[in-house]
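Subject: A structure for you to explore

Hi there,

Here is the structure I promised to pass on. Please have it open in your viewer while you read the notes below.

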Amino acid sequence: MSGNIHTGGLFGCFSKEIGARLQATLPDAQVVIFIRNQVEMIASVYKQYIKEGGTYGVARYLFPDRYLPRSGFQPAKCPMFSFDHFDYDLMVRYYESLFGPERVHVFLFEEFAADHEGFMARYCERFGLEVDRNALPKEKPNPPYGLGVLFLSWLLNHFTYRDVCHKRYVMHVPGIYKLSNLILKRLNLIPLFFGQKVSSAALLGEKNIRFIRDYYASSNQSLAARRGLPLENHGYPL
């Protein structure tokens, strides 16, 4: 509901409008916002871009303006990836202005990942939810692609036109995306090479990580101070 990750929530317009509509429809709602360390989050977003059919490299995906042709094309007419979309303090402040600070609840993905059972128990108790936690699936329904599979996916994406925002393709082979997706999911189960985990550092590169950490430091400091969140314990840019 905060907007598509590949278009920056349409320059934030979608994100803002959805918030306003939610407030108009459910003014007494409790708002839950999950956040994740931006370095890990943006690496995950790029992996998802490849998984959905993308073909651009990390730099071109993160900094599309640098690669625009000098043909009069205006970025404002075609929203692309935006670092602003992951300014959590900005989003939290907006929902606080709509619903009030006491109705906005911010959780860290890292705390959930570290202790699924304990987190779910505290979460259900906080909101008075009756959930059979034993019935929840234990496996990951949508695991990230490993190193080899990520590369193969990028390669095969050149032969399919998918509804990702920006990509290049050689030709469109009908049905190849669905077929390759089934094969890649099976290959991803092989730990050696194909399913080998891809670190954010290796995927994004040192220069991009420095940029990300500098970009969000001030915003994260504000959010941590205002909401009492232990962001420093989980490596958030500060």
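One definition will help: a residue is called buried when its relative accessible area is under 20%, exposed when that value is over 50%, and partly exposed in between. Please also keep in mind that this is a predicted model.

Let's use the definition straight away. E96 has a relative accessible area of 11%, so E96 counts as buried. Its salt-bridge partner is R226, and the closest N and O atoms of the two are 2.9 Å apart. E96 belongs to helix α5, while R226 sits in helix α11 (residues 206-227), so this pair ties together parts that are 130 residues apart in sequence. R226 itself is partly exposed, because its relative accessible area is 33%.

Now stay with helix α5. Which residue forms a salt bridge with D89? The partner is R93, with 2.9 Å between the closest N and O atoms. Both residues lie in α5 (residues 88-99), and because they are four residues apart there, about one helical turn separates them. As for their surroundings, D89 has a relative accessible area of 7%, so D89 is buried, whereas R93 is partly exposed at 40%.

These residues also belong to something wider: D89, R93, E96, R226 and R227 are linked in a network of salt bridges. Try selecting these five residues together in your viewer.

Helix α11 offers another pair to look at. There, the side chains of R210 and E206 meet in a salt bridge, at 3.1 Å from N to O. Why are these two about one helical turn apart? The reason is that they are four residues apart in helix α11. Is E206 buried or exposed? E206 counts as exposed, because its relative accessibility is 61%. R210, at 45%, counts as partly exposed. Across the whole structure, a search finds seven salt bridges, including the ones between D89 and R93, R226 and E96, and R210 and E206.

Finally, have a look at the surface. L147, I190, L192 and F193 form a nonpolar patch there, and together they have about 410 Å² of accessible area. One of them, I190, lies in the loop between α9 (176-187) and α10 (200-204). With a relative accessible area of 36%, I190 is partly exposed.

Enjoy exploring, and do write back with any questions!

Best wishes

Note on methods
Residues numbered from 1 in each chain as written. Predicted model: local features only at pLDDT ≥ 70, side-chain atom pairs only at ≥ 80, totals over all residues. Heavy atoms only, no water. Patch = residues over 30% accessible without salt bridge, like charges linked within 9 Å, V, L, I, M, F, W, Y side chains within 5 Å. Areas by Shrake-Rupley, 256 points an atom, 1.4 Å probe, with all protein chains shown as cover. Salt bridge = Lys/Arg side-chain N within 4 Å of Asp/Glu carboxyl O. Buried < 20%, exposed > 50% of the residue type's maximum accessible area, 1.4 Å probe, protein only.
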